[in-house]
Amino acid sequence: MSQVTPYNTEAGKKKEVEDMFDNIAPKYDLLNHVLSMKIDVLWRNTLVKWMNKDHPKLVLDVATGTGDLAIAVQKGTGAKVVGLDLSQQMLNVGVDKIKKLKLDAEISMEKGDAENLPFENNKFDAVSVAFGVRNFEDLEKGLSELRRVVKENASVYILEFSKVEGFLAPFYMFYFKNILPQIGKLVSKDNRAYTYLPDSVNAFPFGEKMKNILLKTGFQKVEYKKLSLGIATIYKATK
């Protein structure tokens, strides 16, 4: 799989992704909701409903960013949530948001690396990641870490962009590759962040390929649901 990075420097993907999210953090939530027309909220809620069937008490949300999924998981399941992210600036926005919602007793946020999680084996009842695994420097190492920290017979839930198939595909790809980066550039002032998005989605495995990678990583069972004609997919990988 080709390695797509935000800025194409020698720094490595992990450092570049951290820098990119630090750069766009103040405008990230606004852009996310505008560019997805708030469909991302529905996607997260679909993941939470699926996870809620497991009745988790303690959930890890990796690549938590500004905490949208962590908040949705807490509200939807009642679980305690630990949010973890590489970008301190994104976490700062998330911490403010969580305080305003008076959820700081239920959700804790910490800086950390998904590929070297600072938790013991079999700690969490569920693990979630929304739009984060695409940014892992070493995908299989990151997925192995998610598997390591979730309990036996519990599941990792991954929400990630995939590819629209069928007659709408060319229209969506035109928006994704041409219009979305221009809006992103205008609002975030980061020229590369929103061209990295379609580039990284195009390079990333989805559907059966992603399922096979998860099985290869050691999960015993993998299911997935396509959302919004395949724009995004939720994978449920059970340990």
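Which element gives the most to the lining of the largest pocket? Keep that in mind as you look around this predicted model.

**Stop 1: the pocket**

Select helix α1, residues 13-36. Here is your answer: α1 gives the most to the lining of the largest pocket, with seven residues. Next, add α2 (39-52), α6 (169-188) and α7 (193-203), which, like α1, each give two or more residues to this lining. To find the middle of the pocket, show Leu 35, Ser 36, Phe 161, Leu 180 and Leu 197, the residues that lie nearest its centre among the 24 that line it. The space inside comes to about 450 Å³. If you colour the lining by residue type, you will find 19 nonpolar residues, three polar and two charged.

**Stop 2: the aromatic rings**

Stay with Phe 161, one of the residues nearest the pocket centre, and select Trp 43 as well. These two rings form an edge-to-face pair, with 6.2 Å from centre to centre and 85° between the planes. Trp 43 belongs to helix α2 and Phe 161 to strand β5 (residues 150-161), so their pairing ties together parts that are 118 residues apart in sequence. Both residues are buried.

Now move to Tyr 172 and Phe 176, and turn the view until you see the rings stacked, 5.1 Å centre to centre with 25° between the planes. The two are four residues apart in helix α6, which means about one helical turn separates them. Tyr 172 and Phe 176 are buried too.

Add Phe 131 to the selection: ring pairs link Trp 43, Phe 131, Phe 161, Tyr 172 and Phe 176 into a cluster. In the whole structure there are nine aromatic pairs.

**Stop 3: charges over rings**

Select Lys 225 and Trp 50 next. The charged end of Lys 225 sits over the ring of Trp 50, at 4.2 Å from the ring centre. Then try Lys 123 with Phe 124, where the lysine lies over the face of the ring, 5.8 Å from its centre.

**Stop 4: Leu 146**

Finish at Leu 146, in helix α5 (residues 139-149). Is Leu 146 buried or exposed? With a relative accessible area of 0%, Leu 146 is buried. Show what surrounds it: leaving aside residues up to four places away in sequence, Leu 146 touches Val 62, Leu 117, Val 127, Val 129, Val 133, Phe 136 and Val 156. For a last look, select Glu 223, which is 77 residues from Leu 146 in sequence and 16 Å away in space, C-alpha to C-alpha.

Terms used. Residues are numbered from 1 along each chain as its sequence is written. This is a predicted model: local features need pLDDT of at least 70, side-chain atom pairs count only at pLDDT 80 or more; totals for chains, interfaces and linings use all residues. Side-chain values use heavy atoms; hydrogens and water are left out. Buried means under 20% relative accessible area, exposed over 50%, partly exposed in between (1.4 Å probe, protein chains only). Contact means heavy atoms within 4.5 Å. On a 1 Å grid over the protein atoms alone, a cavity is a set of points where a 1.4 Å probe fits but cannot get out, and a pocket is an open set with protein on both sides within 12 Å along at least five of seven lines; lining residues have an atom within 4 Å of a point. Grid points are joined across faces, edges and corners, and a volume is the space filled by probe spheres set on the points. Ala, Val, Leu, Ile, Met, Phe, Trp, Tyr, Cys and Pro count as nonpolar, Asp, Glu, Lys and Arg as charged, and the others, Gly among them, as polar. Rings of Phe, Tyr and Trp (its six-membered ring) pair if their centres lie within 6.5 Å; planes under 30 degrees apart count as stacked, over 60 as edge-to-face and the rest as tilted. A charge sits over a ring if NZ of Lys or CZ of Arg is within 6 Å of the ring centre and within 35 degrees of the ring normal.
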